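Colleague: Could we go through this structure together? I would like to begin with the cysteines.

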Amino acid sequence: MPTVPELVIEYVKAKGINHFFGLPSSGVLLHLLEAGRQRDVEFVSTANESSGVIAAAYYGYFKGCAGLAIAIQGPGAGNMVSGAVNVQFERKPVVCVCECPATDDFGAWGQQADHPSLFKSTTKACLRITKENAAQALHDAFCLAIRPRLGPVLLELPRNLGNCEAGMDLTKTQKPVPQAPNPEALSTICDLVGSFKKPVIIAGDDVRTEGCIPTLLSLAESLKAAVLVTMDGRGVFPETNRRFGCVYIGTAPPYALYRSFLAEADGVLVVGTDGRMKEARWDFDIPVCELVTQPEFPALSGTPRLRLHGQLSTSLERLSHLKNQFGFPISRIAELRDMAQPRFARPQGARLAVNDIIAITREQLPEDGLIFAETGVFQSMLEHLWPVTVPNTFFASTVGRTMGLTIPALLGAKLACPDHPMVGFGTDGSTLMRLGELETFARTGTVAPLVIMNDGALGTIQAQQKFQRFPNYGLQLELVDFAHIAQGLGLKGVIVDRPETFATALKQAMTADTATVIDARVDPGPYRDSFMATTGMVQ
């Protein structure tokens with residue numbers, strides 16, 4: 001019979017997980033490391049437990065499973081919570097194994113904390129392993145993490161179970177499968193959607209996971225609709241298609257491009273979206289029909305006129321037989337995009353602009369290459385200037401607008417898919433939060449380009465500070481030499497301040513045998529001043 005730590009490792013290895021992440025203790029987690037060593041499941045120590053959770057979540061996502069992260073009790077658990085918050089917003093699967101006091105030794109002593117209370121609002125469940133329930137607790141934790149919606153699960157591991165035999169009793173549970181939609185309700189949906197003369201479709205990532213991308217394309221043509229995609233749904237509708245409008249962000253700013261499309265629509269069909277993929281409340285008074293796979297999923301539009309749960313394929317196939325003799329004209333879709341284009345234009349006179357970095361990277365990265373990004377002044381530009389045609393390739397921060405996401409996410413993804421080309425976009429402020437993980441890149445031999453937009457400030461908030469006419473205060477940073485830091489850790493590092501030097505550096509980084517940090521010195525003034533226009537605060 002395996003011990004509890006051995007069972008944990010054997011379980012994840014059977015799922016295809018060959019790496020786990022975090023920081024151990026001298027107790028049961030040390031036994032977990034040894035079990036991993038003996039079974040070729042490599043432990044990757046990270047500079048912070050938060051980074052370990054993010055790296056594990058993205059690693060697991062690309063392995064088609066939940067990742068595994070570990071942390072010591074108390075303060076380590078507190079750091080782990082911040083990682084769980086990040087991946088909860090980004091909808092990535094991870095099991096957070098946190099050491100806890102021995103089963104018979106709870107009391108007022110050092111490092112003890114109420115982990116379930118710490119994790120309650122950020123995880124899908126808080127479970128605890130005992131020697132009797134080990135197999136069941138493991139199974140339940142990993143199943144919960146990968147059930148829609150994906151997310152983190154806390155699994156407490158008492159420190160005295162290092163040498164205990166694991167209980168193997170197990171009752172397996174199955175992932176819920178969408179049922180056929182109610183035929184009468186589907187007919188009612190068809191009647192209402194068929195009455196729309198100028199429809200907009202908003203599509204989310206469930207379209208991809210349910211295998212409905214071709215049907216969505218057919219539906220868009222039959223309805224002659226303008227199509228928007230949610231932040232997590234990039235690529236479910238090709239963004240070079242003439243019927244593609246923009247990314248739906250759901251922000252409050254009055255001039256956000258998606259608002260132009262919804263202001264002209266006389267009806268909206270929401271398909272397979274995550275109800276949390278918006279930054280503000282839905283505030284459009286137009287008829288909305290919403291299709292979701294599971295009844296418990298919240299609606300994107302708040303209170304849709306009609307809502308139907310069940311298999312998306314059945315509903316979309318039926319709707320695709322509708323024919324709209326009017327439609328949202330392709331010429332008008334192009335016109336609305338063109339009207340917004342000046343807000344995303346390259347600033348005149350800039351030596352190096354984010355626009356250059358995006359265009360050059362999009363040209364050099366293969367169409368199916370992966371891009372990872374976090375929040376920053378550049379985020380809205382990336383959502384508008386980076387056309388996605390292959391689904392599941394764009395991994396910028398979604399509704400979390402997370403700082404410090406790129407480096408650990410890129411680390412986990414590249415360890416999971418070492419041969420797949422990918423690039424990380426970060427900022428100076430966010431990189432300073434994860435600087436220790438550059439050592440993790442060096443130690444693990446993980447190879448990928450990391451592009452840092454370096455403007456010497458917390459530029460996003462500084463832009464808002466200026467917009468609100470507050471004095472420049474508290475947000476300036478030292479102009480950090482990230483290239484030199486990378487070199488000191490054994491990585492490649494280069495400073496660039498012109499498009500041509502960036503293009504050369506990125507090309508070399510794409511074929512290098514060591515991770516490359518590209519310290520991109522963007523022009524600070526034009527960079528920060530672009531924020532209000534690209535987010536739609538001003539025209």
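Colleague: Is C289 buried or exposed?

Modeller: C289 is buried, at 0% relative accessibility; buried means under 20% relative accessible area, exposed over 50%, and partly exposed in between, with a 1.4 Å probe and protein chains only. This is a predicted model, in which local features need pLDDT of at least 70, side-chain atom pairs count only at pLDDT 80 or more, and totals for chains, interfaces and linings use all residues. Residues are numbered from 1 along each chain as its sequence is written, and side-chain values use heavy atoms, leaving out hydrogens and water.

Colleague: How many disulfides are there?

Modeller: The count is zero, where a disulfide is a pair of cysteine sulfur atoms within 2.5 Å.

Colleague: Why does C289 not form one with C190?

Modeller: The closest cysteine sulfur to that of C289 is in C190, 9.1 Å away, which is too far for a bond. C190 is also buried, with a relative accessible area of 7%.

Colleague: Now the sheet: what is the strand order?

Modeller: The open sheet has six strands in the order β14-β13-β15-β16-β18-β17, with parallel pairing. Strands are DSSP runs of E with at least two residues, numbered from the N terminus, and two strands pair if DSSP finds at least two bridges between them.

Colleague: Which strands stand at the edges?

Modeller: β14 (394-395) and β17 (492-496) do; each has a single partner strand, so one side of each lacks a neighbour in the sheet.

Colleague: How many bridges join β16 to β18?

Modeller: Five bridges join β16 (residues 449-453) to β18 (residues 516-520), and L450 stands opposite V517 in β18.

Key: Helix = DSSP H or I, 4+ residues; strand = E, 2+ residues; numbered from the N terminus.
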